[in-house]
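Visitor: I've got a model open on my screen and some of the labels puzzle me. Can you walk me through where they come from?

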Amino acid sequence: GYVGTNYYGSQFNTAAEEARFPTVEGALLEAIRRAELAQPAVSGCSVDICSRASRTDKGVHALASALCLRITHEFSCQSKDLKQCFETLKEYLPRDISVIHVFDVSDPEFNARFACQKREYWYYVPYCYLLQPDEQHAMRKLQSDGMSSKDPLACQVWVSGLPERTSIEELKDLV
């Protein structure tokens, strides 16, 4: 997953565009290259994206995403420790990108986009923008009263993407 605030979307651009408009995939590919080349047995490396499960726009965050990468190595010896490469990769990733799992795919026709069984998008819209002007005024009054008003509008808060159980304190923080 990643926090997309500093990126111009997730999909890799050309190398020249990456310098001006960094993407999540660009940062990830660079971290993979650096991590691979840091391995004592690796003398050369290229990383290509074969497929992706989804894309995001500029500034959008993702809890999880999947990429299918082709990583070609030049080894100076015969051993290759995928777990060690994964641990090294974590050291090279920017703080706003994290890799959860890495594994080899034996099927050369594997496609992350078509293998993805579900995509879920949550859009957060401040609920005040969904209210009529008089309702917005009433909500501002509720907020200035510390949400202690007995106004029936206090029960008409529209919120999307909340967990099934939310405490009053957590709700106040969101509002």
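Visitor: What share of the contacts in the protein chain with a separation of 6 or more comes from residues 24 or more positions apart?
Guide: That share is 59%. Keep in mind that this is a predicted model.

Visitor: Which elements does the protein chain have, and how are they ordered?
Guide: There are six helices and two strands. Starting at the N terminus, they go α-α-β-β-α-α-α-α.

Visitor: What makes Phe 110 partly exposed?
Guide: Its relative accessible area is 31%. Buried needs under 20% and exposed needs over 50%, so Phe 110, at 31%, falls in between and counts as partly exposed.

Visitor: Where is Phe 110, and what patch does it help form?
Guide: Phe 110 sits in the loop between helix H3 (82-92) and helix H4 (112-115). Together with Phe 103 and Val 105, Phe 110 forms a nonpolar surface patch of about 270 Å² accessible area. Patch members need over 30% relative accessible area, and Phe 110 has 31%, so it passes that cut-off.

Visitor: Why is Asn 111 called partly exposed?
Guide: Same test: Asn 111 has a relative accessible area of 25%. That is neither under 20% nor over 50%, so partly exposed is the right label. Asn 111 also lies in the loop between H3 and H4, and its C-alpha is 8.1 Å from that of Ala 53, 58 residues away along the chain.

Visitor: How do you know that the span of helix H2 agrees with what is expected?
Guide: H2 covers residues 24-37, and its 14 residues should span 20 Å at 1.5 Å a residue. The end C-alpha atoms are 20 Å apart, so the two values agree.

Visitor: And what makes H2 mostly covered?
Guide: Ten of its 14 residues are buried. Among them are Val 24, Leu 28, Ile 32 and Glu 36.

Visitor: How do you know that the buried residues of H5 are on the same side?
Guide: The buried ones in H5 are Ala 138, Met 139 and Leu 142. They cover an arc of only 100° around the axis, so they share one side of H5. In general, an α-helix has 3.6 residues a turn, so residues three or four places apart point the same way.

Visitor: Which exposed residues does the face of H5 turned away from its buried side carry?
Guide: Pro 133, His 137 and Ser 144.

Note on methods. Residues are numbered from 1 along each chain as its sequence is written. This is a predicted model: local features need pLDDT of at least 70, side-chain atom pairs count only at pLDDT 80 or more; totals for chains, interfaces and linings use all residues. Side-chain values use heavy atoms; hydrogens and water are left out. Buried means under 20% relative accessible area, exposed over 50%, partly exposed in between (1.4 Å probe, protein chains only). Helices (H or I, at least four residues) and strands (E, at least two) are DSSP runs, numbered from the N terminus. The arc is that of the directions from the helix axis to the C-beta atoms. Patches are made of residues with over 30% relative accessible area and no salt bridge: like charges are joined within 9 Å, nonpolar side chains (Val, Leu, Ile, Met, Phe, Trp, Tyr) within 5 Å. Accessible areas come from the Shrake-Rupley method with a 1.4 Å probe; for residues, only the protein chains shown count as cover. A salt bridge is a side-chain nitrogen of Lys or Arg within 4 Å of a carboxyl oxygen of Asp or Glu. Contact means heavy atoms within 4.5 Å. The expected span of a helix is 1.5 Å times one less than its number of residues.
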